[in-house]
Amino acid sequence: MKEAIAFYTNILDFKLKYTDASDEDWVVDLINGDAELQLTSIEKNLHGFAVNVWVDEVDSLFEKYISRGLDASSKKESPVHQGPLKQTWGTREFYVTDASGNTLRFCKADAKRH
């Protein structure tokens, strides 16, 4: 939990929702604007979920995360982990996989599709 909280708060701009939360809790809620994530160490058998995070801008956000220490070297086989890509389904995306194997898909909808 300590490693996950550090990753989400130091690199991805999330904050603890409750000021009394700690890395010794089994469940921790994180917020970033209107986005909210819940980390849990209770369901250890559930591993590797993917979550879409809809944002207004992916390119500058990716650069910001890289400057804070985001390391995608373990995902060299995945171009979308290396930087934002335009997808055929109408989004521009990059992926971030945390130390626990959970993947966040940072997505911006193509303006032409709206």
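The following legends accompany close-up views of a predicted protein model.

**View 1. Overall arrangement of the predicted model.** The protein contains three helices and seven strands, which follow the sequence pattern α-β-β-β-β-α-α-β-β-β. Of its 114 residues, 34% count as buried. The accessible surface comes to about 7,400 Å², and carbon and sulfur atoms contribute 50% of that area. Among contacts with a separation of 6 or more, 42% join residues that are 24 or more positions apart.

**View 2. The loop that carries D13.** Helix 1 (2-10) and strand 1 (15-16) are linked by a loop in which D13 lies. The phi angle of D13 is near 70°, a positive value in a residue other than glycine.

**View 3. Strand 6 and its pairing with strand 5.** Strand 6 spans residues 91-97 and is mostly covered, with six of its seven residues buried. Strand 5 (residues 85-86) pairs with strand 6 in the antiparallel sense, over two bridges. On the strand 6 side, E93 is the bridge partner of L85. Four residues separate the two strands in this hairpin, where G90 adopts a positive phi near 95°.

**View 4. Strand 6 and its pairing with strand 7.** Strand 7 (residues 103-109) also pairs with strand 6 in the antiparallel sense, here over seven bridges. One of the bridge partnerships joins T91 to A109 of strand 7. The hairpin formed by strand 6 and strand 7 has five residues between the strands, and within this hairpin G101 has a positive phi near 90°.

**View 5. The surroundings of T91.** T91 belongs to strand 6. With a relative accessible area of 7%, T91 falls under the 20% limit and is therefore buried. Neighbours within four places in sequence aside, T91 is in contact with W54, L85, K86, K108, A109 and D110. Of these residues, A109 is also the bridge partner of T91 in strand 7, and L85 is the residue whose bridge partner in strand 6 is E93.

**View 6. The polar contact between T91 and E93.** The side chains of T91 and E93 make a polar contact at 2.7 Å. In a regular strand, side chains alternate between the two faces of the sheet. E93 takes part in a bridge with L85 of strand 5, whereas T91 is bridged to A109 of strand 7.

Definitions and conventions: Residues are numbered from 1 along each chain as its sequence is written. This is a predicted model: local features need pLDDT of at least 70, side-chain atom pairs count only at pLDDT 80 or more; totals for chains, interfaces and linings use all residues. Side-chain values use heavy atoms; hydrogens and water are left out. Buried means under 20% relative accessible area, exposed over 50%, partly exposed in between (1.4 Å probe, protein chains only). A polar contact is a pair of N or O atoms within 3.5 Å; within protein, one must be able to donate a hydrogen and the other to accept it, and residues adjacent in sequence count only if both atoms are side-chain atoms. Contact means heavy atoms within 4.5 Å. Accessible areas come from the Shrake-Rupley method with a 1.4 Å probe; for residues, only the protein chains shown count as cover. Two strands pair if DSSP finds at least two bridges between them.
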